[in-house]
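Q: I have a structure open and would like to learn how to read its features one by one. Could you walk me through it?

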Amino acid sequence: MSNFNLLPWRERRRERRMRHWRWAGSTALVFTCVATLALERESSDWLEQHQVRLNERRQQLQVLQNELTESGLWQTRLQQAGQVQAEWAAWQAQQSQAWQLVQHLLSVPPRGVQIERMVWRDQQLALNGWTLSEGHLQAWLSRLQAQGLTARDTRQRVEAAQWSKDDGLAAKRHPFSLHIATTVKSPLATP
């Protein structure tokens with residue numbers, strides 16, 4: 001069977017449809033171009049208006065920031081914030097120093113000394129506990145100083161021996177209190 005269309009009325013109908021399709025396609029193309037140009041013009045107008053409003057807002061913000069920096073209240077708040085930052089930095093340094101001191105204390109085992117309470121306040125360490133003898137406490141402090149503990153002031157008080165009975169065992173021990181004012185220079189580093 002052949003693909004040729006030999007009937008003239010079919011050829012005319014095909015020609016009409018092709019013209020109609022060309023006319024619809026060109027009309028759609030023209031309409032699309034006109035709509036695109038119109039939308040581009042509208043969007044550029046809207047964008048210009050938006051830019052103008054944005055610039056006005058930026059200018060208002062700049063004026064308000066200038067007024068705020070000139071305000072006495074702002075200056076006061078800024079100074080307060082600076083003080084808080086300085087105190088925070090000092091507090092962090094103290095906290096770091098306390099951790100370093102605890103690490104240093106834990107690096108030397110307290111033989112014959114039992115620590116029951118440890119308080120760090122204002123760069124001073126207060127220790128309470130008991131020791132088998134005053135010599136045990138002094139030997140532990142000497143080992144700490146040999147390991148690098150730098151104490152500005154050490155005050156110790158050892159009380160008279162007391163008998164205690166723990167777990168069915170009787171022992172003689174001396175309650176003590178020790179106050180150390182120290183500055184820890186660097187984190188514990190053993191060679």
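**Reading the fold from its core**

A: Happily. A good place to start is the largest nonpolar core: it has 14 residues, and Trp140, Leu141 and Leu144 touch the most other members. Helix 2, strand 2, helix 3 and strand 5 (169–182) each supply at least two residues of this core. Helix 3 gives the most, with four residues. Keep in mind that this is a predicted model.

Q: Then let me ask about confidence. What is the mean pLDDT of the protein chain, and where is confidence lowest and highest?

A: The mean pLDDT of the protein chain is 81, and 85% of its residues reach 70 or more. Confidence is lowest in strand 3 (residues 151–158), with a mean of 66, and highest in helix 1 (residues 8–70), with a mean of 91. Over residues 186–191 pLDDT stays under 50, and the model has five contacts for them beyond four places in sequence.

Q: Thanks. How many helices and strands does the protein chain have, and which pattern do they follow?

A: There are three helices and five strands in the protein chain. Along the sequence they come in the order α-α-β-β-α-β-β-β. Two totals complete the overview. Of the 191 residues, 15% count as buried. Among contacts with a separation of 6 or more, 58% are between residues 24 or more positions apart.

Q: Back to helix 3, then. Which of its residues are buried?

A: First the general idea: an α-helix has 3.6 residues a turn, so residues three or four places apart point the same way. In helix 3, the buried residues are Leu137, Trp140, Leu141 and Leu144. They cover an arc of only 95° around the axis, which puts them on the same side of helix 3.

Q: What span should helix 3 have at 1.5 Å a residue, and how far apart are its end C-alpha atoms?

A: Helix 3 covers residues 134–146, and its 13 residues should span 18 Å at 1.5 Å a residue; the end C-alpha atoms are 18 Å apart, which agrees. Just after the helix, look for Gly148, whose phi is positive, near 115°.

Q: How does the same check turn out for helix 2, and which of its residues are buried?

A: Helix 2 has 36 residues (residues 72–107) and should span 52 Å at 1.5 Å a residue; with its end C-alpha atoms 53 Å apart, the values agree. Its buried residues are Gln97, Ala98, Gln100, Leu101, His104 and Leu105.

Q: After helix 2 there is a loop leading to strand 1. Where is Pro110, and what is it in contact with?

A: Pro110 is in that loop between helix 2 and strand 1. Its relative accessibility is 32%, so Pro110 counts as partly exposed. Leaving aside neighbours within four places in sequence, Pro110 is in contact with Trp140 and Arg143. For a distance to try in your viewer, the C-alpha atoms of Pro110 and Thr131 are separated by 9.4 Å, although the two are 21 residues apart along the chain.

Q: Now the strands. In which sense do strand 1 and strand 2 pair, and over how many bridges?

A: Strand 1 (residues 113–121) and strand 2 pair in the antiparallel sense, over eight bridges. Together they form a hairpin with two residues between them, and Asp122 in the turn has a positive phi of about 50°. To follow the register, find Val119, whose bridge partner in strand 2 is Ala126, and then Trp120, which stands opposite Leu125.

Q: Is strand 2 mostly covered or mostly uncovered?

A: As general background, in a regular strand the side chains alternate between the two faces of the sheet. Strand 2 (residues 124–131) is mostly covered, with six of its eight residues buried. Gln124 belongs to strand 2 and is partly exposed, with a relative accessible area of 37%. The C-alpha atoms of Gln124 and Ala98 are 9.2 Å apart, with their positions 26 residues apart along the chain.

Q: To finish, which residues does Phe176 touch?

A: Phe176 is found in strand 5, and at 4% relative accessibility it counts as buried. Not counting residues up to four places away in sequence, Phe176 touches Val113, Gln114, Leu127, Asn128, Gly129, Trp130, Thr131, Leu137, Arg157 and Val158. With Arg157, Phe176 has a C-alpha to C-alpha distance of 5.5 Å and a separation of 19 residues in sequence.

Conventions: Residues are numbered from 1 along each chain as its sequence is written. This is a predicted model: local features need pLDDT of at least 70, side-chain atom pairs count only at pLDDT 80 or more; totals for chains, interfaces and linings use all residues. Side-chain values use heavy atoms; hydrogens and water are left out. The expected span of a helix is 1.5 Å times one less than its number of residues. Buried means under 20% relative accessible area, exposed over 50%, partly exposed in between (1.4 Å probe, protein chains only). The arc is that of the directions from the helix axis to the C-beta atoms. pLDDT is the predictor's confidence in each residue, from 0 to 100. Contact means heavy atoms within 4.5 Å. Two strands pair if DSSP finds at least two bridges between them. A nonpolar core is a set of buried Ala, Val, Leu, Ile, Met, Phe, Trp, Tyr and Cys residues joined through side-chain atoms within 4.5 Å.
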